[in-house]
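Trainee: I should like to learn how to read a structure of this kind. May we go through it feature by feature?

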Amino acid sequence: MHGKSVSWRSAVQLRFPTDTLLKSVRAQACVGVPLTDDNARPIGVLMALFLQPVNSMRERRALLEAFAKRASSELARKLEDDKIRESEQRYRAFISKNADAMWRIEFPSPIPVDLTETEQLDLIYKTGYLAECNDALARL
């Protein structure tokens with residue numbers, strides 16, 4: 001949360017009495033390093049929990065910090081994929097549920113805009129094909 005590594009060598013449950021995970025695994029110590037996106041905004045934490053008090057966290061923290069950059073990249077990629085998937089689902093739902101007929105036409109090559117209107121329409125009719133449509137158009 002503060003953008004820096006943290007560690008507690010013992011009594012971690014006393015420091016965070018409302019944390020149910022610490023209680024359920026009976027953690028005594030923990031170390032965590034922040035996971036950030038490309039703009040240094042926090043997106044998660046990489047944490048290790050220990051069942052016994054630990055004398056030194058130096059090596060453990062260094063190990064987590066060594067993996068934090070890769071874990072951050074993977075988490076950022078996953079979050080971005082999730083956003084794209086959600087956006088695509090909203091788009092599909094909007095198109096499919098819309099009562100208005102909607103369609104998308106594709107062309108094997110772009111239609112030159114310097115042609116006359118009649119020539120452009122002729123190419124559209126000759127080369128264009130229906131790539132997708134919603135249910136409203138299919139019912140028509």
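Mentor: Let us begin with a term: helices and strands are DSSP runs, of at least four and at least two residues respectively, numbered from the N terminus. Please keep in mind that this is a predicted model.

Trainee: Where in this scheme is the place of Asp-37?

Mentor: Asp-37 is in the loop between strand E2, residues 29-36, and strand E3, residues 42-50.

Trainee: Is Asp-37 buried or exposed?

Mentor: A residue counts as buried when its relative accessible area is under 20%. Asp-37 has 16%, and therefore it is buried.

Trainee: Which backbone nitrogen atoms does the side chain of Asp-37 reach?

Mentor: A polar contact is a pair of N or O atoms within 3.5 Å. A polar atom of the Asp-37 side chain lies 2.9 Å from the backbone nitrogen of Asn-39. The Asp-37 side chain also reaches the backbone nitrogen of Arg-41, at 2.8 Å.

Trainee: How many helices and strands does the protein chain have, and in what order do they run?

Mentor: There are five helices and five strands in the protein chain. Read from the N terminus, their order is β-α-α-β-β-α-β-α-β-α.

Trainee: How should one read the radius of gyration of the protein chain?

Mentor: One sets it beside the value for a compact globule. For 140 residues that value would be near 14 Å, but the protein chain has 28 Å. Along the principal axes, the C-alpha atoms fill a box of roughly 80 × 35 × 20 Å. Buried residues make up 15% of the 140 residues.

Trainee: What can two residues in helices add to this picture?

Mentor: Let us take Glu-86, in helix H3, residues 58-97. Its relative accessible area is 47%, so Glu-86 is partly exposed. Thr-118 is 32 residues from Glu-86 along the chain, and their C-alpha atoms are separated by 41 Å. Asp-122 lies in helix H4, residues 117-127. With a relative accessible area of 37%, Asp-122 is partly exposed. Asp-122 and Arg-90 are 32 residues apart in sequence, and their C-alpha atoms are 35 Å apart in space.

Trainee: How many positive and negative side chains does the protein chain have?

Mentor: The protein chain has 21 positive and 19 negative side chains. The centres of these two sets lie 17 Å apart.

Trainee: What share of the accessible surface belongs to carbon and sulfur atoms?

Mentor: The accessible surface of the protein chain comes to about 11,000 Å², and carbon and sulfur atoms account for 55% of it.

How values were computed:
Residues are numbered from 1 along each chain as its sequence is written. This is a predicted model: local features need pLDDT of at least 70, side-chain atom pairs count only at pLDDT 80 or more; totals for chains, interfaces and linings use all residues. Side-chain values use heavy atoms; hydrogens and water are left out. The radius of gyration is taken over C-alpha atoms; the globule rule is 2.2 Å times the number of residues to the power 0.38. Buried means under 20% relative accessible area, exposed over 50%, partly exposed in between (1.4 Å probe, protein chains only). Accessible areas come from the Shrake-Rupley method with a 1.4 Å probe; for residues, only the protein chains shown count as cover. Lys and Arg count as positive and Asp and Glu as negative; His and the chain ends are not counted. The place of a charge is taken as NZ of Lys, CZ of Arg, CG of Asp or CD of Glu. A polar contact is a pair of N or O atoms within 3.5 Å; within protein, one must be able to donate a hydrogen and the other to accept it, and residues adjacent in sequence count only if both atoms are side-chain atoms.
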